[in-house]
Protein chains: 2
Amino acid sequence: MPLEQLSSQKCFAGWLQRFRHRSAALHGDTVFALYLPPQAERGEKLPVLYWLSGLTCTDENFMQKAGAQRLAAELGLILVAPDTSPRGPDVPGDPDGAWDFGLGAGFYLDATEAPWSRHYRMHEFVVDELPALVETHFPASDRRGISGHSMGGHGALVCALRNPGRYRSVSAFAPVANPMHCPWGEKAFSRYIGADRARWREWDASVLIGQAQETLPILVDQGDRDAFLVEQLKPAVLDAAARAANYPLTLRIQPGYDHSYYFITSFIDDHLRHHAAALCG
Amino acid sequence: MPLEQLSSQKCFAGWLQRFRHRSAALHGDTVFALYLPPQAERGEKLPVLYWLSGLTCTDENFMQKAGAQRLAAELGLILVAPDTSPRGPDVPGDPDGAWDFGLGAGFYLDATEAPWSRHYRMHEFVVDELPALVETHFPASDRRGISGHSMGGHGALVCALRNPGRYRSVSAFAPVANPMHCPWGEKAFSRYIGADRARWREWDASVLIGQAQETLPILVDQGDRDAFLVEQLKPAVLDAAARAANYPLTLRIQPGYDHSYYFITSFIDDHLRHHAAALCG
């Protein structure tokens with residue numbers, strides 16, 4: 001599984017790098033970005049925060065806009081950002097060219113339906129293949145945290161809730177918190193997983209939180225001026241499910257903030273510290 | 001001179017906003033971005049740091065990628081980022097469609113040659129019209145600092161050196177430090193200002209620094225892996241001119257850093273503190 005380095009740029013005394021490699025899970029080439037903090041040069045293994053981006057994003061948005069490298073360099077956290085879907089000439093996209101399904105919209109699940117099931121296996125990629133790669137090729141320990149935004153917030157919550165023991169920390173910004181009951185999720189699940197709504201429950205954080213095998217405290221930030229809040233995101237459903245299950249969820253409604261990276265960057269330091277408390281030291 | 005607000009997004013408890021307005025200097029509509037830190041709600045007038053971006057940029061790059069809002073919110077600094085050239089259907093661009101002249105490449109000077117002289121008056125716009133607008137419509141004082149990157153680093157140095165009393169602080173990232181002797185500058189000056197190289201000296205920081213009427217300490221950061229360092233940027237010429245004139249220039253060569261926003265974000269806090277020391281309190 002060789003890695004092709006696409007770029008390497010110094011940032012806060014560490015290195016922001018992009019790599020391309022052949023993915024077994026995705027049946028094709030994929031690209032990820034990785035930030036190595038300066039502590040990586042000491043040779044010790046560092047914890048890793050995986051970041052899952054939202055609809056239409058690539059591996060680059062988070063590294064360019066969230067401003068996470070400053071504090072990651074201080075805390076000694078590796079940051080890893082995969083792409084948001086499989087890509088490539090043989091990967092099918094939305095039949096109508098929509099931005100909320102297909103390319104850039106893998107929803108971090110493992111598709112079971114044709115023609116999606118061959119390439120759209122972002123859950124397996126994020127949970128298994130990518131950490132194995134990172135922990136082989138970089139000074140990365142198996143202390144893993146996961147976070148993300150919007151579709152990627154959904155992905156982070158689902159990855160953590162479905163895989164007890166795999167992560168030591170989890171958080172999300174404006175997650176699609178109850179995807180089986182919102183238009184983005186219904187469109188994605190019905191195509192990727194099929195018509196049987198019972199199977200959708202395996203990919204919905206508001207369901208999974210009631211069945212959790214372990215208890216990782218979850219931090220969620222949500223802006224109250226987010227244009228997608230009511231129709232797509234539904235954090236109140238997740239909050240109610242957590243309370244019903246006595247699951248430790250901290251949902252912070254941030255007044256005035258929208259769905260953009262200006263919201264993420266405003267609170268990214270809080271999330272990094274939330275992860276570092278579980279991952280570092 | 002009415003302002004049309006294009007967007008308003010909360011960021012670090014302040015507001016990132018974009019405005020369009022008719023510019024007298026540019027003979028057309030232009031757009032700028034402005035970050036109002038949370039202290040603006042108290043009603044007191046705050047100092048302003050003007051940021052000039054580099055070739056191909058718009059008013060948006062700095063606000064999206066530099067990560068300056070975090071510390072500006074702490075320090076109580078307003079940030080203002082204009083576009084990098086006039087724009088619009090009647091604004092001529094590079095005849096060959098090149099990215100280093102014309103649209104996105106105004107070089108922060110006042111063109112004297114046809115067909116550029118009608119619209120390409122970025123120096124007048126940045127030094128006079130934009131501050132007047134900002135100080136009229138926002139809680140902005142006349143305590144002004146100026147900084148920028150690459151072409152915008154050249155712009156910041158030239159704006160400060162040509163206009164004693166106008167700014168209280170100045171800094172630059174990877175400035176085009178001796179534009180009359182590099183390909184970008186020679187192309188721009190020969191078209192915007194004409195063939196007489198004696199007149200180019202009025203727009204070259206390495207010349208102006210030897211004629212300075214006031215002494216503002218200058219901070220310059222420059223990456224040593226910057227692909228444009230040798231051919232285009234030439235900080236050593238500026239450094240030599242400053243030493244010959246006994247002008248207080250701090251030139252920091254930062255090992256390993258390139259020309260990108262990953263370089264800028266790594267040191268933006270140092271620049272904000274450099275400006276705040278002169279502008280705040």
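No salt bridges are counted between chain B and chain A, a salt bridge being a side-chain nitrogen of Lys or Arg within 4 Å of a carboxyl oxygen of Asp or Glu. Polar contacts, by contrast, link 10 residue pairs across this interface, both residues at pLDDT 80 or more; such a contact is a pair of N or O atoms within 3.5 Å, where within protein one must be able to donate a hydrogen and the other to accept it, and residues adjacent in sequence count only if both atoms are side-chain atoms. The model is predicted: local features need pLDDT of at least 70, side-chain atom pairs count only at pLDDT 80 or more, and totals for chains, interfaces and linings use all residues. Residues are numbered from 1 along each chain as its sequence is written, chains are lettered from A and ligands numbered from 1 in the order in which they are written, and side-chain values use heavy atoms, with hydrogens and water left out.

**Interface**

- Chain B and chain A bury about 2,000 Å² between them, 52% of it on carbon and sulfur atoms; buried area is the accessible area (1.4 Å probe) that two parts lose on being put together, summed over both.
- B:Lys10, B:Gln64 and B:Tyr262 supply 34% of the area that chain B buries against chain A, more than any other three residues.
- Each chain gives 23 residues to the contact, which is defined by heavy atoms within 4.5 Å.
- On the side of chain B that touches chain A, the largest share, 5 residues, comes from α10(B); helices (H or I, at least four residues) and strands (E, at least two) are DSSP runs, numbered from the N terminus.

**Symmetry**

- A turn of 180° and a shift of 0.0 Å along the axis lay chain B on chain A with an RMSD of 0.0 Å, by least squares on the C-alpha atoms of residues with pLDDT of at least 70 in both.
- The two copies are thus related as by a two-fold rotation axis.
- The same surface serves both copies, as 100% of the contact residues of chain B recur in chain A.

**Sheet and hairpin**

- In chain A, 9 strands form an open sheet of mixed pairing, in the order β1-β2-β3-β5-β4-β6-β7-β8-β9; two strands pair if DSSP finds at least two bridges between them.
- β1 (4–11) and β9 (249–254) of chain A stand at the edges, each with a single partner strand, so one side of each is left without a neighbour in the sheet.
- Strands β4 (residues 46–52) and β6 (residues 140–148) of chain A run parallel and are joined by 6 bridges, with A:Val48 opposite A:Arg144.
- In chain B, β1 and β2 form a hairpin with 2 residues between them, and B:Phe12 in the turn has a positive phi of about 50°.
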